[in-house]
Amino acid sequence: MIDTVLLVFIFTGSLSTAVSVGGIELLTKVIWYYGHERLWAHIPPKNNKHARVEKWLGHHTRMRNMIKAVSWRFIGALDTFFITLLVTGQLAIGGSVGSTELVTKIVLYYLHERAWSHISWGKLPLQVKEEEQNPDPSL
């Protein structure tokens, strides 16, 4: 939110406009982000043909994190564009803020995802069937 406020202020010169956009965006982004994460929770990792939701609990690949970052950023940029357009009434300012964020926040989100992939809080334990643990009964 702070970076959005800063960008809107840079493009408009108005602190009140910047704070308005940032405040609205704080609420809308939480809702959009939750939906985005729920959607990605149902997309299995490509290289695990036996994956079920409860088995996707390990670290995500860098490519998955990058694709999530890009997909989230498009949603976020559209949200920022429309909020800025709504508050300012100026298409050019909405486009400038939205397109600038599209580029800068991909990097921030990617780093955010990489950091969270190393935190076990909120992850369920990996459930492995007994036959997967010891497939050879003679062992």
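Helix α1 supplies four residues to the nonpolar patch on this structure, the largest share from any element. The model is a predicted one, so let us take a friendly walk from that surface patch to the cores beneath and on to the aromatic pairs. In the largest nonpolar core, α1 again gives the most, with three residues.

**The surface patch**

- Six residues make up the nonpolar patch on the surface: Leu6, Phe9, Ile10, Phe11, Leu15 and Val19.
- Together these side chains have about 570 Å² of accessible area.
- Two helices, α1 (2-12) and α2 (15-40), each supply at least two residues of the patch.
- Phenylalanine 11, one of the patch residues, lies in helix α1.
- With a relative accessibility of 34%, phenylalanine 11 counts as partly exposed, because that class covers values between 20% and 50%.

**The nonpolar cores**

- Eight residues form the largest nonpolar core: Val5, Leu7, Val8, Ala18, Val21, Ile83, Ile93 and Val97.
- Two or more residues of this core come from each of α1, α2 and α4 (91-116).
- The biggest contribution is that of α1, which gives three residues.
- Another core, of five residues, lies apart from this one, and its members include Ala69, Trp72, Ile106 and Tyr110.

**A closer look at isoleucine 93**

- Isoleucine 93 is a member of the eight-residue core.
- Once neighbours within four places in sequence are set aside, isoleucine 93 is in contact with Phe11, Thr12, Thr84 and Thr88.
- One of those partners, Phe11, also belongs to the surface patch.

**The aromatic pairs**

- The model has two aromatic pairs.
- In one of them, the ring centres of tyrosine 33 and tryptophan 72 are 5.2 Å apart and the ring planes meet at 85°, so the pair is edge-to-face.
- This pair links distant parts of the chain, since tyrosine 33 sits in helix α2 and tryptophan 72 in helix α3 (residues 62-88), 39 residues apart.
- Tyrosine 33 counts as partly exposed, at 24% relative accessibility, whereas tryptophan 72 is buried, at 7%.
- Tryptophan 72 is also among the members of the five-residue core.
- Phenylalanine 81 and phenylalanine 82 have ring centres 4.9 Å apart and planes at 65°, so this pair too is edge-to-face.
- Phenylalanine 81 counts as buried, with 17% relative accessibility, because buried means under 20%.

Conventions: Residues are numbered from 1 along each chain as its sequence is written. This is a predicted model: local features need pLDDT of at least 70, side-chain atom pairs count only at pLDDT 80 or more; totals for chains, interfaces and linings use all residues. Side-chain values use heavy atoms; hydrogens and water are left out. Patches are made of residues with over 30% relative accessible area and no salt bridge: like charges are joined within 9 Å, nonpolar side chains (Val, Leu, Ile, Met, Phe, Trp, Tyr) within 5 Å. Accessible areas come from the Shrake-Rupley method with a 1.4 Å probe; for residues, only the protein chains shown count as cover. A salt bridge is a side-chain nitrogen of Lys or Arg within 4 Å of a carboxyl oxygen of Asp or Glu. Buried means under 20% relative accessible area, exposed over 50%, partly exposed in between (1.4 Å probe, protein chains only). A nonpolar core is a set of buried Ala, Val, Leu, Ile, Met, Phe, Trp, Tyr and Cys residues joined through side-chain atoms within 4.5 Å. Contact means heavy atoms within 4.5 Å. Rings of Phe, Tyr and Trp (its six-membered ring) pair if their centres lie within 6.5 Å; planes under 30 degrees apart count as stacked, over 60 as edge-to-face and the rest as tilted.
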